[in-house]
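Reader: I am new to protein models and would like to learn how to read one, feature by feature. Could we go through this one together, starting with the general idea each time and then turning to the case at hand?

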Amino acid sequence: AKLLFLPEGTRGNGDKLLPFKKGCFHVAVESQAFIQPVVISKYHFLKSKAKIFNRGQNIIKILPEVSCAGLSKDDIPALMERVQKMMQREYEQLSEESLSINNISEVH
């Protein structure tokens with residue numbers, strides 16, 4: 001079986017990923033599965049407070065999978081930190097790149 005989890009629990013609009021929830025990591029470790037991180041660049045064209053969703057493009061990148069083979073419940077905090085750091089680095093790079101493809105010079 002393949003499962004899709006969104007570890008933040010909800011969509012954020014900031015420069016940092018939201019703190020990850022533990023549930024999906026528990027499932028991955030208990031099943032000794034792989035985690036397949038997928039990162040989507042920031043929605044620079046979304047103005048949440050004004051409820052405006054302009055036209056724009058995002059970049060989606062699939063990162064290398066992370067094995068949970070041999071990990072136990074005690075390894076979950078370190079696993080979460082490792083995956084979040086990997087995804088945060090990529091999120092920052094993709095978000096910077098998406099500024100140029102959306103012809104945005106700076107974000108307000």
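Author: Let us begin with a term: a residue counts as buried when its relative accessible area is under 20%, and as exposed when that value is over 50%, with partly exposed in between. Please keep in mind that this is a predicted model. By that rule Cys68, with a relative accessible area of 0%, is buried, and of the 108 residues of the protein, 31% count as buried.

Reader: Before we look at single residues, how many helices and strands are there, and in what pattern do they follow one another along the sequence?

Author: The protein has two helices and six strands, and reading along the sequence gives the pattern α-β-β-β-β-β-β-α. Along its principal axes, the C-alpha trace spans about 45 × 25 × 25 Å. The accessible surface comes to about 7700 Å², and 55% of this belongs to carbon and sulfur atoms. As for contacts, if we take those with a separation of 6 or more, residues 24 or more positions apart account for 67% of them.

Reader: How should I read a helix, and which residues of α1 are buried?

Author: The general idea is that an α-helix has 3.6 residues a turn, so residues three or four places apart point the same way. In helix α1, which runs over residues 23-31, the buried residues are Cys24, Phe25, Ala28 and Val29. These residues lie on the same side of α1, because the arc that they cover around the axis is only 130 degrees.

Reader: What do the buried residues of α1 pack against, and what phi does Gln32 take just after the helix?

Author: The buried residues of α1 pack against β1, at 34-35, and against α2, at 76-101. Just after α1, Gln32 takes a positive phi of about 55 degrees.

Reader: How do I read a nonpolar core, and which residues have the most contacts inside the largest one?

Author: In soluble globular proteins, nonpolar side chains tend to be buried together. The largest nonpolar core here has 20 residues, and those with the most contacts inside it are Phe20, Phe25, Ile35, Leu79, Val83 and Met87. Helices α1 and α2 each supply at least two residues of this core, and α2 gives the most to it, with eight residues. To look at one of the residues named, Met87 is in contact with Leu17, Phe20, Pro37, Val38, Val39 and Leu63, when its neighbours within four places in sequence are left aside.

Reader: Which aromatic rings form a pair, and how are they arranged?

Author: A pair of aromatic rings is described by the distance of the centres and the angle of the planes. The count comes to one aromatic pair. This pair is formed by Phe20 and Phe25, which are stacked, at 6.0 Å centre to centre and with 20 degrees between the planes. Phe20 is buried, with a relative accessible area of 9%, and Phe25 is buried too, at 2%.

Reader: How many disulfides does the structure hold, and how far from Cys24 is the nearest cysteine sulfur?

Author: A disulfide is a covalent bond between the sulfur atoms of two cysteines. The structure holds zero disulfides. Cys24 is in none, and the nearest cysteine sulfur, that of Cys68, is 9.6 Å away. A pair of cysteine sulfur atoms would have to lie within 2.5 Å to be a disulfide. Cys24 counts as buried, at 14% relative accessibility.

Reader: I would like to practise on helix α2: is Gln88 buried or exposed, and which residues does Gln88 touch?

Author: Gln88, which is found in helix α2, is buried, with a relative accessible area of 11%. Gln88 touches Asp15, Lys16 and Leu17, if we do not count residues up to four places away in sequence.

Reader: And how far apart in sequence and in space are Glu81 and Phe20, and what are the corresponding values for Ala78 and Phe5?

Author: Glu81 lies in helix α2 and is partly exposed, with a relative accessible area of 45%. Glu81 and Phe20 are 61 residues apart in sequence and 8.8 Å apart in space, C-alpha to C-alpha. Ala78 also lies in helix α2, and is exposed, with a relative accessible area of 53%. Ala78 and Phe5 are 73 residues apart in sequence and 18 Å apart in space, C-alpha to C-alpha.

How values were computed
Residues numbered from 1 in each chain as written. Predicted model: local features only at pLDDT ≥ 70, side-chain atom pairs only at ≥ 80, totals over all residues. Heavy atoms only, no water. Buried < 20%, exposed > 50% of the residue type's maximum accessible area, 1.4 Å probe, protein only. Helix = DSSP H or I, 4+ residues; strand = E, 2+ residues; numbered from the N terminus. Arc of directions from axis to C-beta. Contact = heavy atoms within 4.5 Å. Core = buried A, V, L, I, M, F, W, Y, C linked by side-chain atoms within 4.5 Å. Phe/Tyr/Trp six-rings, centres within 6.5 Å; stacked < 30°, edge-to-face > 60°. Areas by Shrake-Rupley, 256 points an atom, 1.4 Å probe, with all protein chains shown as cover.
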